[in-house]
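Me: I'm new to this one and would love a close look at a single part. Please take me through the aromatic rings.

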Amino acid sequence: MPQIEQQLEIVLITGMSGSGKSVALNALEDAGYFCVDNLPPELLLSLIELEREQKTSRVAIAMDVRTATSLPILPEQLAALRKQGISVKLVFLDATTGTLVRRYSETRRKHPLSHMAQDPSSPDMRRVLVDAIELERELLSEIRENSHLIDTSFSRPAQLQRDIKSFVNSPAGQLTLIFKSFAFKHGAPGDADYLFDVRMLPNPHYEPELRHLTGIDAPVAEYLNAQPPVLQMLDHIQTFLNHWLDALANDHRSYVTVAIGCTGGQHRSVFLVERLVVLYEGKWATLKRHRELDALTGEPIKRL
């Protein structure tokens, strides 16, 4: 029986400097991908042809702003690869400017665009760094708009590794729903396509026996299931999604991130994400992320 050739899968990692591209690439290497860092876009098609000849099945490539002048040719190249039947997933890692400034300050690294800042000789190094970051955002804005966005502002390395692995394992060619809980007190996630504020709902935090639990725990779920406003909010979110998901899928959207936020990211938002995953996993590919729960374990948060 002739051997069926395995389809080549490509994951292209790009994004802001300091957002965790090295962490993501390491996760993909652990998952069995052949990885290439900082590949110039001009070499993409040649590399893929070589890997096809070598019978490589999964390739992960990182590109960053150091090749910004040639990034405009990337969409045309990706379209050509997809016409050949090659699965291409494009992910953009981002973080808030404050987070990126802190990471650069902690590592004492120099931003690759520092020399292009408005006044690179300025003694105000923070201003130079912020200018470089904003310039990088501008240069990468087009590719960001056409990528799956992951906000790493609050991510530990291990959490980002899990997110990347779940992303690449999601089905290609169909809409994937990502439900994310978060705490408004730590800021809204930058990768949300739709964001629902549930801070007005009854809060288990004020019930002493529930305060130390999370929305995953049965006592909290029972409490919230008995609250009419919570069920009404769940119904409203469902109504919105049911109305628009087919249209989003028909518009060739691959990923839609729905963020649910409460004050602490521990009870209400977690509960609603858990319920929504159960409601939608039968029709759509679904992923869930609870941004704050790792921090609630009491383990120290490591920077990317």
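Reply: Start with R199: its charged end sits over the ring of F184, 3.7 Å from the centre (the test is CZ of Arg or NZ of Lys within 6 Å of the ring centre and within 35 degrees of the ring normal). R291 lies over the face of F154, at 3.9 Å from the ring centre. Bear in mind that this is a predicted model, with local features needing pLDDT of at least 70, side-chain atom pairs counting only at pLDDT 80 or more, and totals for chains, interfaces and linings using all residues. Residues are numbered from 1 along each chain as its sequence is written, and side-chain values use heavy atoms, leaving out hydrogens and water.

Now for rings that meet rings. The count comes to 5 aromatic pairs (rings of Phe, Tyr and Trp, using its six-membered ring, with centres within 6.5 Å; planes under 30 degrees apart are stacked, over 60 edge-to-face, the rest tilted). Take F196 and F240: their planes stand at 75 degrees with the centres 5.9 Å apart, so this pair is edge-to-face. Along the chain the partners are 44 residues apart, as F196 belongs to strand β7 (residues 194-197) and F240 to helix α8 (residues 228-250) (helices are DSSP runs of H or I, at least four residues, and strands runs of E, at least two, numbered from the N terminus).

F196 counts as buried, at 17% relative accessibility, while F240, at 27%, is partly exposed (buried is under 20% relative accessible area, exposed over 50%, partly exposed in between, with a 1.4 Å probe and protein chains only). And there's a third member here: ring pairs link Y194 with F196 and F240 into a cluster.
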